[in-house]
Every structure is written in structure tokens, then in C-alpha cells.
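Reader: I am new to this structure and would love a close look at one part of it. Could you pick a single helix and walk me through its surroundings?

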Amino acid sequence: MSGGYSVGAVAKIAKVTVRALHHYDEIGLLTPRGRTPAGYRRYQDTDLDRLQRILFYRELGFPLEEIAAILDDDSVSPSEHLRRRHRLLTDRISHLQAMAAAVEHAMEAEKMGIQLTPEEKFEVFGASYQESWETEAEQRWGDTDAWAQSQRRTGGYGKEDWQRIKAEADALNARLVEAFTAGEPADGGPAMDLAEVHRQHIRDHFYDCTFAIHRGIAGMYVADPRFTATYERLAPGLARWLHDAILANAAFRTGERA
């Protein structure tokens, strides 16, 4: 069969890459019904219909293996496929509307100088943010001067402030990873300088982080699995390295033993 559409034409129509179409063919997700005498792929209208369904489910985040199972389920009629897609679209529309409302609320809060809500912090800090962290932090340090100072300062922060602070923290983390992977010793000058930047970041944005407090924070990086995981995700071994660098920096700058 030599009629139909070439792989290049289908890629242009569907706005996908030729490489993606080749991959779909290789895994059996979308095998074109036709071939030219020279062996080139030729797609028919039914192939394009299947591709449209593939791209729909792909847009909703379904893995390719699950998409194949959905489309190859002979027990599901074409009309049921349409009803399922309509239901998924309706759910997504509701989700997007809720997101839009949250963004509008954040914009209004920023204009009025209102502190970010937990939902807005989730938006800024990403999927790993948990509101329970704040409750736990208050339970652990709520009676300290550092906590009171942090609450006073962060109470005036808006969304842009949090985004700027997070960008600074991400940049510092990148520098930590770079130094660690380059083999810098934790008690060397570059590592201790970065540890001091880490301490100053806390001082600049939250509270007066003394060397004693900084040592306590370093301890949590290796004692609390949640803190450890934050740095281990960046580079295995980074949590312990940063812990050691913070202690070395405190000892160097205060003349006290860690």
C-alpha cells in the first residue's frame, strides 16, 4: 500500500517529531498500516485517528504503556472512549479553573501586602512543600527568639520575595553541588566560604543565624531523613559534606572547636 501520509507529513500535521512517531512504531503503540515499495512508513486516516487519541492521553500525563492498554482494550467501544475523554477534559478544566483562582488570589494578596497562604507557598516552592512543616517548626522552635524574628520578617514577604529567596537558595545549592562534585574537601576554603554564604542567606532573610544555631542546623541535615533527602537528591553525599563544611566554617571563624 503506497497511499496515505508520509511520516514527515504526519509529524507536521500532528505537530510531533518524526523521532516520536518512529518510537511509537517501535513499541507497537502506533504502527502505520501502509509501507511504500521501498519500505517507508505510510499512515492512513485510521492511523491519524489513533495518533490523535494517543496525543490526547499523552497531554494528560498518561504513560505510553497505559495509553496502549487503553486504546487496545477491545471491551471499550469508540463511544465509551469519547465519554472517557470528555470526562477527563472536564476534570482538567475544573483543575485549571481552581489554579487560575489561586493565582488571582495570590496577585491580590501581593498587591495588599498580605503574607502568602500555605497554598501560595506550595505554588512557589513546588510539589514537595508540606504545610505540616510550618506547624512542626513552630512546635520545635516557637518559643525561641529566632522563631519570633523569623515570623516578623517573613510576615511582610510577598510572592515575589519568596520567589527571589528561593532563586538565591537554588543558586547556592548549585554552587554546593559544583564544589562537592569537584572534590573540594569539606574543611577547605571554598567549602567553608559556601557554608558561610549559607549562613548569611539565613541571616539576610529569616533571623540572626549565629554559628551555634548554624551548627544545630547542620546536625539536622544528617539526623533528620527529610533534611538529608533534600541534599541527597541534589548529589549523593552532599548532606554530610555540607554538615562538615558548616562545622569547619564555624570552628575556623570563631576559633572554637566544632
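Author: Happily; here is a tour of helix H13 (238–254) and what lies around it.

A word on the ground rules comes first. This is a predicted model, in which local features need pLDDT of at least 70 and side-chain atom pairs count only at pLDDT 80 or more, while totals for chains, interfaces and linings use all residues. Residues are numbered from 1 along each chain as its sequence is written, and side-chain values use heavy atoms, with hydrogens and water left out.

The protein chain has 13 helices and three strands; helices (H or I, at least four residues) and strands (E, at least two) are DSSP runs, numbered from the N terminus. Of its 258 residues, 35% count as buried, where buried means under 20% relative accessible area, exposed over 50%, and partly exposed in between, with a 1.4 Å probe and protein chains only.

Now to H13 itself. At 1.5 Å a residue, its 17 residues should span 24 Å, and the end C-alpha atoms are indeed 24 Å apart; the expected span is 1.5 Å times one less than the number of residues. Just after H13, glycine 255 takes a positive phi of about 75°. The buried residues of H13 include Leu238, Trp241, His243 and Asn249. Among the elements that cover the buried residues of H13 are H9, H10, H11 and H12.

Let us take two of these neighbours in turn. The axes of H9 and H13 lie 11 Å apart, at an angle of about 95°; axes are lines fitted to C-alpha atoms, for helices over the stretch in contact, and angles run from 0 to 180 degrees between N-to-C directions. H9 and H13 are therefore roughly perpendicular to each other, the word used for 65 to 115 degrees, whereas under 35 counts as roughly parallel, over 145 as roughly antiparallel and the rest as oblique. Leu176, Val177, Ala179 and Phe180 of H9 meet Leu238, Trp241 and Leu242 of H13, contact meaning heavy atoms within 4.5 Å. By class, the residues of this contact are seven nonpolar, no polar and no charged; Ala, Val, Leu, Ile, Met, Phe, Trp, Tyr, Cys and Pro count as nonpolar, Asp, Glu, Lys and Arg as charged, and the others, Gly among them, as polar.

Helix H12 (residues 225–232) and H13 have axes that come within 7 Å and cross at roughly 105°, so H12 and H13 are also roughly perpendicular to each other. Here Thr228, Tyr231 and Glu232 in H12 touch Leu238, Ala239 and Leu242 in H13. That contact has four nonpolar, one polar and one charged residues.

Leu238 appears in both contacts. Leaving aside its neighbours within four places in sequence, leucine 238 is in contact with Leu176, Val177, Phe180, Tyr231 and Glu232.

The wider setting is the largest nonpolar core, with 28 residues, of which Leu176, Ile217, Tyr231, Leu238 and Trp241 touch the most other members. A nonpolar core is a set of buried Ala, Val, Leu, Ile, Met, Phe, Trp, Tyr and Cys residues joined through side-chain atoms within 4.5 Å. Two or more residues of this core come from each of H9, H10, H11 and H13, and H13 gives the largest share, seven residues. Apart from it lies another core, of 20 residues, including Tyr24 and Leu51.

One last neighbour is aspartate 187, in the loop between H9 and H10. At 57% relative accessibility, aspartate 187 counts as exposed. Leaving aside its neighbours within four places in sequence, aspartate 187 is in contact with Met192 and Ala248.
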